[in-house]
Amino acid sequence: MSKNTHPEDVKAMIRKRFGSIESLSARCGVKACTLRQALRRRTPLGNRAIARALNKRPAELWPEWFDANTGLPRSAPRETADLKRVAA
């Protein structure tokens, strides 16, 4: 599996096309803070808004977070019950 696009590279693409994250926010109707969070963590609403604005699929920008075949967010790794137990 390939790595996610670096957040600074995505920001540069946004700046080239829209000038700023705030401008993109106004155009797509998603809060700027949501878009900023989407650069660093899985936020499906923000990730999809950014990808759509850049004419890409979310899996192209964030292959670690989105399935390339379905376009759906991948499952977040979860701790097992054994890891949550405190050793007695």
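Residues are called buried at under 20% relative accessible area, exposed at over 50% and partly exposed in between, with a 1.4 Å probe and protein chains only. The structure discussed here is a predicted model, in which local features need pLDDT of at least 70 and side-chain atom pairs count only at pLDDT 80 or more, while totals for chains, interfaces and linings use all residues. Residues are numbered from 1 along each chain as its sequence is written, and side-chain values use heavy atoms, with hydrogens and water left out.

The protein contains 6 helices and 0 strands, giving the pattern α-α-α-α-α-α along the sequence. Helices here are DSSP runs of H or I with at least four residues, strands are runs of E with at least two, and both are numbered from the N terminus. Of the 88 residues, 33% are buried. Where residues at least 6 apart in sequence are in contact (heavy atoms within 4.5 Å), 43% of these contacts join residues at least 24 apart.

Turning to the aromatic side chains, a search of the whole structure yields 1 aromatic pair. The ring centres of W62 and W65 are 6.1 Å apart and the planes lie at 10 degrees, so this pair is stacked. Rings of Phe, Tyr and Trp (its six-membered ring) pair if their centres lie within 6.5 Å; planes under 30 degrees apart count as stacked, over 60 as edge-to-face and the rest as tilted. W62 is buried, at 0% relative accessible area, and W65 is also buried, at 13%.

A backbone detail is worth a look too: N55 has a positive phi of about 55 degrees although it is not a glycine. N55 sits in the loop between α4 (44-53) and α5 (58-61) and is exposed, with 59% relative accessibility.
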